[in-house]
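Please open the model in your viewer, with the sequence panel beside it, and follow the selections in the order given here.

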Amino acid sequence: MKRYIFIILLILAIAGIADAGYLTYEHYAHAVPTCTINRFLPMFSDCGAVLRSKYSLIFGIPLALLGLIHYFILASVLALAIISNKKFWWFWVLIEATAGAFASVYFMYLQIGIIGKLCLYCTLSALISFIIFTFAILWMEMERKALFIYISGFVYQHFLKSIFFLIDPEVVHVSMVGMGELMGTFSLKRKLITAFLKIQNKKLEQNIASIHFANPVGLSAGFDYEVRLTQILPSIGFGFETVGTITNSSYEGNTRPMLGRLPKSKSLMVNKGFKNLGAGETMRRMSRLHFEMPVGISIGRTNGKKNMTQKQSVEDVVRAFTLFEKSRVRHSYYELNISCPNLYGNISFYPSQNLKQLLSEVQKLKISRPVFVKMPIEKSDKEVKEMLKIISEFSFIKGVIFGNLQKDRKDPSLDPEEVKKFKVGYFSGKPTERRSNELIKLSYRLYKKRFIIIGCGGIFSAKDAYKKIRLGASLVQLITGMIYQGPGLIGQINLELLDLLKRDGLKHISEAIGRDS
Ligand SMILES: Cc1cc2nc3c(=O)[nH]c(=O)nc-3n(C[C@H](O)[C@H](O)[C@H](O)COP(=O)(O)O)c2cc1C
């Protein structure tokens, strides 16, 4: 199919060579160009006026000659794309076609807006450029998206991030979420973003726990705790999203700082402590929304200075679940967050008895949707095995997520000088990756038939995501990678996952799950 497209584009490019070649000849002939006299539009059309104007040269080089060179390069690149079928040439075709179209817009503006005369041959050249550009953009969907994803990633990492990182991280977070929410409200904007960022491919689609995931990359809990991004995230290319963590009662967040940056460690300091609107308000918001992708709700125990007993904590979690279960919210799954390190009080759901008590009470609700447990990463293998054993006894728990934040301030992946800046909070990003991967592997080996595993922690590239999948994760989640690499990272991961599957001779993402465990 692509070959035929390139052949059509090549024919158009050759027409462009003929046209620009004629105009170049006219320029150097110094005679009154034949195209000056025009029978159809004598009032507006005058090649000579355009070709002899001061705008017809750039640094002494005739625009016509530049056009000829452009078409010649385009035709050559198209020929190479037809012969070799290499992606490199496809990208070049797109770049050349885009450059040609932008240049043509400018040249048309010069003719109509400044010179006030039209050169029909120049207009024909612009028309050819527009047709090539339109066909290339429409037919080369993957290349168009890839090009945009890589360019936007470059712009984000080299320009935008430097600006954002000068501003307070909380302010940037709130502003970005606000912008995302606004964009999500307009279907045209959503469609436009989809056209440039969203990668769709059957090889990435999975049905897991009776939920359809268009791709394996999700937004982890903690970024969209007020449910503002559910409408825009599918356009950016996410396959699913967890909102929250939501608690029974609302919480305004821990004492500042709630968020900090550790660029050398590729990490964020997190001290939000379940800042959220509370289950009631969240439920009302969510019940008004339709979701284009699976949306899950992360539930944890209410935070606050009021100390809760173990029994009260369990009741609090159960109340939040009950509210959502009775609501009309069209969510797909729950996460049970037992691993937030930023909470007041001494209650922990880690000791076997406490965990059993919590799960037994939640089980009584006969929850209608799959539940995944968000696990800690700071526990030893032995402790994690004990927890997994208990969790495995509760059939309503379909899977586990590895995992939450890094509590160990001395973890070698953290830069000690950066850590010193923060008296409070725990760490996301690269410092979570090693332990997350170890625990994915451990639980896949022990419970691959019992648990669906979601890998989370330190994903900054497709290779990071693929590693987790090969260790046993069916799906992956991220936050910090997106903040450091930009929103284009999601499309980039999906795009490059396809390349990694091809490299390994695999036909579908599900074939990669657990290969390295
Ligand atoms: C700003 C921020 C807030 C977070 N809040 C939550 C939360 O409310 N609930 C939760 O389960 N995890 C929370 N996390 C942890 C993430 O979901 C994730 O487990 C962790 O950051 C590792 O993934 P990453 O390296 O891709 O960020 C938060 C992380 C960040 C960066």
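## Two crossing helices

The crossing of helices H4 and H5 is left-handed. Select H4 as residues 87-115 and H5 as residues 120-139 in this predicted model, and you will find the two packed at an angle of about 145°, with their axes 8 Å apart. To see what makes the contact, show the side chains of Val93, Leu94, Ala97, Thr98, Gly100, Ala101, Ser104, Phe107, Met108 and Gln111 on H4, and those of Cys122, Ala126, Ser129, Phe130, Ile132, Phe133 and Ala136 on H5. Coloured by residue class, the contact of H4 with H5 divides into twelve nonpolar and five polar residues, with no charged ones.

## The whole chain

Zoom out now to the whole chain, which has 18 helices and 15 strands, and whose C-alpha atoms fill a box of roughly 95 × 50 × 45 Å along the principal axes. Of the 517 residues in the chain, 45% are buried. Among the contacts between residues at least 6 apart in sequence, 78% join residues that are at least 24 apart.

## The barrel

Next, select the strands E5, E6, E9, E10, E11, E12, E14 and E15, which in that order close into a barrel of eight strands with parallel pairing. From one strand to the next, the twist averages 30°.

Within this barrel, stop at strand E10, residues 333-337. Is E10 enclosed or open to the outside? Five of its five residues are buried, so E10 is largely enclosed by the rest of the structure. In a regular strand the side chains alternate between the two faces of the sheet. On E10, Tyr333, Glu335 and Asn337 point one way while Tyr334 and Leu336 point the other way, and all of them are buried.

Add the neighbours of E10 to the selection: strand E9, residues 295-299, runs parallel to E10 and is joined to it by four bridges, and strand E11, residues 371-375, also pairs with E10 in the parallel sense over four bridges. Leucine 336 is a convenient residue to centre on, since isoleucine 299 stands opposite it and valine 373 in E11 stands opposite it as well.

Move along to strands E14 (residues 452-456) and E15 (residues 475-478), which pair in the parallel sense over three bridges. Here cysteine 456 has glutamine 477 in E15 as its bridge partner.

## A second helix pair

Select helix H11 (residues 310-326) together with helix H12 (residues 352-363), which pack at an angle of about 30° with their axes 10 Å apart, in a right-handed crossing. The contact is made on the H11 side by Gln310, Val314, Val317, Val318 and Phe321, and on the H12 side by Asn354, Gln357, Leu358, Glu361 and Val362. These residues of the contact of H11 with H12 divide into six nonpolar, three polar and one charged.

## Around the ligand

Finally, centre the view on the ligand, which 27 residues surround, the closest being Ser220, Gly222, Thr245, Ser428 and Thr480. Which elements give two or more residues to this shell? They are strand E6 (240-246), strand E8 (267-270) and helix H17 (480-485). Coloured by class, the shell around the ligand comprises eleven nonpolar, 14 polar and two charged residues.

Note on methods. Residues numbered from 1 in each chain as written. Predicted model: local features only at pLDDT ≥ 70, side-chain atom pairs only at ≥ 80, totals over all residues. Near = placed C-beta within 6 Å. Nonpolar A, V, L, I, M, F, W, Y, C, P; charged D, E, K, R; others polar. Buried ≥ 20, exposed ≤ 12 C-beta atoms within 10 Å, placed from the backbone. Pairing = 2+ DSSP bridges. Contact = placed C-beta atoms within 7 Å. Axes fitted to C-alpha atoms, helices over the stretch in contact; angles between N-to-C directions. Left-handed = near helix turned anticlockwise from the far one by under 90°.
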